[in-house]
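Biologist: I am new to reading models like this one, and I would love a close look at a single part of the surface. Could you start there and then walk me through the rest?

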Amino acid sequence: MIELLPAATHRRERWKNGGGWAREICRFPAEGEWAWRVSVAEVGCDGPFSAFPGFDREIVLVSGLGMDLHFGDGETRRLEPPHGRLRFDGGRTVTALLVDGPTVDFNLIWKRDAVDAQLLHRPIVGSMLFFGEPGVTWMLYVLAGEVRTPAGRLEVGDAARIDIPPGERRVIEGGGEVLLAKLGAKA
């Protein structure tokens with residue numbers, strides 16, 4: 001199954017700490033406490049990130065000139081264009097200082113003890129093949145260009161959830177760049 005999640009359908013909501021806005025793309029499960037969530041954050045000014053104790057997160061700079069992340073333990077990391085990224089403990093205290101104006105960031109957050117998560121940044125030139133694995137869900141986010149799936153076409157900012165039964169495969173095609181999150185239950 002490929003479920004298209006066009007940008008226009010992403011639910012806009014306040015950050016958990018009220019400091020900014022996120023457009024939620026998908027969460028699992030859809031109701032109640034989630035095990036993983038994919039969203040895009042709009043960071044309009046300097047300030048703290050929301051804390052997610054017990055979760056890990058990975059963020060990728062989608063647009064803007066970057067930000068410096070200042071962690072409570074003194075560590076500082078810079079996310080620079082194009083597509084700077086960082087994986088870290090979601091419970092850490094972190095404050096973002098924007099380099100020069102607002103940014104948009106892709107966010108993958110998952111429950112550390114329950115979910116295995118990989119986030120890949122890939123070019124797509126022609127066909128890309130996905131094989132079904134037990135309990136694995138793929139989330140696709142289009143960074144540049146377009147992607148064609150059996151369910152329809154995706155453009156920049158659109159996403160798709162791909163669930164493939166074991167022993168089957170799915171093909172997508174296109175030209176551009178995508179982020180691919182591979183999510184499954186921790187063994």
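Which residues make the nonpolar surface patch of about 260 Å²?

Modeller: Happy to help! Leu129, Phe131 and Val171 make that patch. Before going on, please keep in mind that this is a predicted model, where local features need pLDDT of at least 70 and side-chain atom pairs count only at pLDDT 80 or more, while totals for chains, interfaces and linings use all residues. Residues are numbered from 1 along each chain as its sequence is written, and side-chain values use heavy atoms, with hydrogens and water left out.

Now, what counts as a patch? Its residues have over 30% relative accessible area and no salt bridge; nonpolar side chains (Val, Leu, Ile, Met, Phe, Trp, Tyr) are joined within 5 Å, and like charges within 9 Å. The areas come from the Shrake-Rupley method with a 1.4 Å probe, and for residues only the protein chains shown count as cover. One patch member, Phe131, sits in strand E12, which covers residues 115–131. Labels like this are DSSP runs numbered from the N terminus, with at least two residues for a strand (E) and at least four for a helix (H or I).

Let us move from the patch to the charged side chains. Side chains of opposite charge can pair when their charged atoms come close. Here a salt bridge is a side-chain nitrogen of Lys or Arg within 4 Å of a carboxyl oxygen of Asp or Glu, and the model has 22 of them by this rule. One of them joins Glu33 to Lys111, with the closest N and O atoms 2.6 Å apart. Glu33 is in the loop between E3 and strand E4 (36–43) and Lys111 is in strand E11 (residues 103–111), so this pair ties together parts that are 78 residues apart in sequence. Glu33 is exposed at 61% relative accessibility, whereas Lys111 is partly exposed at 23%. (Buried means under 20% relative accessible area, exposed over 50%, and partly exposed in between, with a 1.4 Å probe and protein chains only.) Glu146 and Arg153 form another salt bridge, at 2.7 Å from N to O; Glu146 is partly exposed at 24%, and Arg153 is partly exposed at 49%. There is also a network of salt bridges linking Arg11, Glu13, Glu24, Arg27 and Arg37.

Two of those network members lead us to buried residues. Glu24 is among the contacts of His10, along with Leu5, Arg23, Ile25, Gly157 and Ala159, leaving aside neighbours within four places in sequence. (Contact means heavy atoms within 4.5 Å.) His10 lies in the loop between strand E1 (2–5) and E2 and is buried, at 8% relative accessibility. Its side chain reaches the backbone oxygen of Leu5 at 2.7 Å. Glu13, in turn, touches Gly20, as do Arg14, Trp15 and Glu42, again not counting residues up to four places away. Gly20 is in the loop between strand E2 (11–14) and strand E3 (21–28), and it is buried, with 6% relative accessible area.

Next comes a sheet. Strands of a sheet pair through backbone hydrogen bonds, either parallel or antiparallel. Four strands make an open antiparallel sheet in the order E5-E10-E7-E8. Strand E5 (47–48) and strand E8 (76–79) are at the edges with a single partner strand each, so one side of each has no neighbour in the sheet. Pairing calls for at least two DSSP bridges between two strands; E7 (residues 67–71) and E10 (residues 94–98) are joined by five, and Leu69 stands opposite Ala96 in E10.

Finally, follow the chain past E8. The loop between E8 and strand E9 (85–89) holds Pro82, and the peptide bond from Pro81 to Pro82 is cis, with omega near -10°. His83 is in that loop between E8 and E9 too; its phi is near 65°, a positive value in a residue other than glycine. His83 counts as buried, at 16% relative accessibility. Another cis peptide bond runs from Phe28 to Pro29, with omega near -10°, and Pro29 lies in the loop between E3 and E4.

Conventions: Polar contact = N/O pair within 3.5 Å; in protein donor to acceptor, adjacent residues only side chain to side chain.
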